[in-house]
Structures are given as C-alpha cells and as structure tokens.
Amino acid sequence: MKYLLIIAIILGGCTSADTKKDAPAQQTSTQATKGKKQINLTILLDLSDRIDPRSNPSQPQHFERDSTLISYLTDYFLRQMTVENAYATKGKIRVIFHPNPPDPGINLAAKKLNIDLSDMEPKEKKTVYKTLAATVAENIGNIYKTTISQAQWPGSDIWRFFKNDVKDVAVDSDTTYRNILVVFTDGYIYHQDSKDNDANRYAYILPGLFDKYNLRKDKKWSETIDKLDFGLISKRDDLNQLEVLVLEVAPSPENRNDEDIIRKVLDKWFSEMKVKRWKIINSDLPESTQKKIHSFLES
C-alpha cells in the first residue's frame with residue numbers, strides 16, 4: 001500500500017504539474033528539497049569466492065546478505081524519486097563488475113540494472129518506479145545463482161577499477177549529482193590478473209601479505225605499516241567528487257584482527273586518492289547494516 005500511495009503521488013504530480021505549479025503545498029515541497037542533489041548510485045559487486053557457500057559458509061549466506069542490502073539501496077533510490085516530481089527526477093543507478101564476467105547471461109542481467117532517468121520521459125520514469133524493485137530482485141538473484149553454480153573464482157579487480165575506470169563510470173560531470181559508489185567485498189582485494197608491486201605497495205590485499213610482513217603477530221602492526229609504507233598502490237588523487245561505501249568486509253574466522261589491517265589499508269588508499277568521504281562497514285545481519293547505510297546516505 002505504501003508504494004501504491006507513493007506512485008499515486010508521482011502520477012498526480014506528473015499529470016497536473018502545471019495546475020499545481022503555484023499551489024502552496026508544491027511551493028513548500030520545492031523549498032524543502034532546494035539544494036538537494038540528484039543521486040548517481042553505482043554498485044560494484046565483488047563476485048569472488050567470498051559468496052561461495054561451500055568455502056565461506058555463513059548464516060545468512062553472503063549472497064543473501066548482499067541481495068538484501070542491494071534491495072535496500074534500491075528502495076533508497078526509489079525514495080529519492082519521490083523527492084522530485086516525475087518531470088524533475090533524473091537519478092541514476094547501475095550494477096557493475098570489474099572485469100565483466102564471461103557469462104553473457106550475467107552481463108545481460110546487469111544491463112537491466114543500469115537505469116538513467118535523465119534521458120527518460122515521465123511515462124518511462126513511472127514504469128521504472130513501479131518495476132525497479134522487482135527487476136533488481138530478479139536479476140540480482142540470477143547473477144548470484146549463476147555465479148555460484150559456475151564456481152569460477154578469478155577474483156574482482158577492485159584495485160584496477162579505481163586505477164583506470166572509477167571516475168568515468170561512477171562520477172558524473174554534472175555537479176548537480178551526488179556520486180555514491182557502493183563496493184561489496186570481504187576486504188581481501190584480489191584478481192588473478194593484477195599482481196602489481198612497487199616496494200611495499202601492492203595491487204591486492206591478501207592474508208599472505210599480512211604474514212609476509214608479520215602484521216598478524218606484531219602488536220605494533222599499525223606503526224609497522226606506517227614505517228614500511230605498506231598498502232595499496234595509489235595511482236590518482238582526483239576523486240573529491242566521489243563518496244565510497246564499502247560493505248560486507250569479512251575477515252577470516254581464524255584471524256578476526258585482519259579487519260583492522262584492512263581498514264587501515266583502505267583508509268590510507270581512499271585518503272591518497274582524495275575520495276570525498278567514505279565508510280567501511282563489516283559484515284553483519286542485514287538489519288544492522290541497513291542502519292549504518294542509512295546513516296551514511298542521510299548524513
């Protein structure tokens with residue numbers, strides 16, 4: 001009923017915008033949203049073995065947690081559509097991978113999750129509003145189901161995405177947009193084709209590196225990281241128009257303190273790339289994570 005009511009409000013705004021143009025209620029709404037930016041939301045999925053129920057069992061399973069949180073992000077996008085009327089809303093939302101999986105079915109599913117309201121007519125926007133939640137649920141389900149059944153885990157090249165593509169994909173040149181990139185990952189960043197190394201900087205974060213530098217047993221591991229300048233290789237410093245939300249960081253059960261190391265490495269990397277603001281959230285029950293996401297999005 002809630003969605004039906006909201007749809008009715010949008011439809012009403014669309015069919016009688018001219019007649020309501022000078023109405024007090026419309027003026028109040030406009031004043032309340034003045035200065036509010038349109039949302040440009042990019043969701044980057046790490047389809048590595050972190051989602052494999054056999055090697056990384058959890059309850060709920062990690063793919064189930066991802067799906068619930070993506071639905072929450074979709075609901076947030078839809079709520080933003082109600083802030084503006086159907087004529088004015090021009091938000092964008094997309095689901096991406098890096099690199100794209102070889103399976104054409106997965107890429108087709110992701111293509112259906114690439115929505116750009118800025119070049120749509122009001123009638124098309126209303127269709128998006130009514131169907132997006134179901135479209136996302138169906139296609140995200142297909143993406144995870146196919147990936148898990150194929151059980152091929154080359155990793156996710158999050159490092160190279162930030163090195164080469166993040167600005168073109170996730171940052172809109174139109175300054176009226178709020179650019180938000182949501183990254184789903186366990187925090188162990190790795191892809192089989194990205195093994196760059198420069199001194200104590202790497203294109204990946206793996207447990208083997210923590211052992212190599214004895215960080216897991218070093219009580220002064222944070223100072224050691226600073227002293228060695230250990231971390232991810234930074235190749236840019238121009239992301240001051242991008243907000244980054246990292247979700248589902250999950251250290252190995254045998255080394256829970258890996259999360260602290262991962263956080264420090266990512267904090268340093270985002271800071272060097274001049275990311276506008278970011279938040280790193282560990283894996284938890286979706287209800288708890290949703291509250292943290294809400295806090296980030298609304299602040």
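Visitor: What makes up the lining of the largest pocket, by class?

Guide: In this predicted model, the lining of the largest pocket has 11 nonpolar, 10 polar and 8 charged residues. The sorting follows residue type: Ala and Tyr, for example, count as nonpolar, whereas Asp and Arg count as charged.

Visitor: Why is this feature called a pocket, and what is its volume?

Guide: The term applies because the set of grid points is open, whereas a probe in a cavity cannot get out. The volume of the largest pocket is about 550 Å³. Its lining consists of 29 residues, and those closest to the centre are Arg50, Asn56, Asp186, Tyr188 and Ala250. Set against the classes, Arg50 and Asp186 are charged, Asn56 is polar, and Tyr188 and Ala250 are nonpolar. Helix 3 (62-83), strand 4 (155-156) and strand 10 (242-249) are the elements that each give two or more residues to this lining.

Visitor: How do you know that a residue belongs to the lining?

Guide: A residue is counted when one of its atoms lies within 4 Å of a grid point of the pocket. By that test, 29 residues line the largest pocket.

Visitor: Which elements does the chain have, and how many of each?

Guide: The chain has 10 helices and 11 strands. Of these strands, 6 form an open sheet of mixed pairing, in the order 3-2-1-5-10-11.

Visitor: What makes a strand an edge of this sheet?

Guide: An edge strand has a single partner strand, so one of its sides is left without a neighbour in the sheet. Strand 3 (115-116) and strand 11 (277-282) fit that description.

Visitor: How do you know that strand 1 and strand 5 are paired?

Guide: Pairing requires at least two bridges between two strands. Strand 1 (38-45) and strand 5 (177-184) run parallel and are joined by 8 bridges, so they meet the requirement. Within this pair, Ile39 stands opposite Arg178, and Leu45 has Phe184 as its bridge partner.

Visitor: How many bridges join strand 1 to strand 2?

Guide: There are 5 bridges, and these strands run parallel. Thr42 of strand 1 has Arg94 as its bridge partner in strand 2. The requirement of at least two bridges is therefore met here as well.

Visitor: What joins strand 10 to strand 5 and to strand 11?

Guide: Strand 5 and strand 10 run parallel, with 6 bridges between them, and Val183 stands opposite Val246 of strand 10. Strand 10 and strand 11 also run parallel and share 5 bridges. Here Glu243 faces Arg277 in strand 11.

Visitor: Why is strand 1 called mostly covered?

Guide: A residue is buried if its relative accessible area is under 20%. In strand 1, 8 of 8 residues are buried. Gln38, Asn40, Thr42 and Leu44 point one way, while Ile39, Leu41, Ile43 and Leu45 point the other way. Strand 10 is likewise mostly covered, with 8 of its 8 residues buried. Over the chain of 299 residues, buried residues make up 47%.

Visitor: Why is Asp229 called partly exposed?

Guide: The relative accessible area of Asp229 is 35%. Partly exposed lies between the limits of 20% and 50%, so Asp229 falls in this class. Asp229 sits in the loop between helix 8 (221-228) and strand 9 (231-232). Its phi is positive, about 55°, although Asp229 is not a glycine.

Visitor: To which class of exposure does Lys274 belong, and what is its phi?

Guide: With 45% relative accessibility, Lys274 is partly exposed. Its phi is near 60°, a positive value in a residue other than glycine. Lys274 lies in the loop between helix 9 (258-272) and strand 11.

Visitor: What is the omega of the cis peptide bond from Gln59 to Pro60?

Guide: For that cis bond, omega is near -5°. Pro60 is in the loop between strand 1 and helix 3. Another cis peptide bond joins His98 and Pro99, with omega about -5°. Pro99 is in the loop between strand 2 (92-96) and helix 4 (104-111).

Visitor: What share of the contacts joins residues at least 24 apart in sequence?

Guide: Among contacts between residues at least 6 apart in sequence, the share is 79%. A contact here means heavy atoms within 4.5 Å.

Conventions. Residues are numbered from 1 along each chain as its sequence is written. This is a predicted model: local features need pLDDT of at least 70, side-chain atom pairs count only at pLDDT 80 or more; totals for chains, interfaces and linings use all residues. Side-chain values use heavy atoms; hydrogens and water are left out. Helices (H or I, at least four residues) and strands (E, at least two) are DSSP runs, numbered from the N terminus. Buried means under 20% relative accessible area, exposed over 50%, partly exposed in between (1.4 Å probe, protein chains only). On a 1 Å grid over the protein atoms alone, a cavity is a set of points where a 1.4 Å probe fits but cannot get out, and a pocket is an open set with protein on both sides within 12 Å along at least five of seven lines; lining residues have an atom within 4 Å of a point. Grid points are joined across faces, edges and corners, and a volume is the space filled by probe spheres set on the points.
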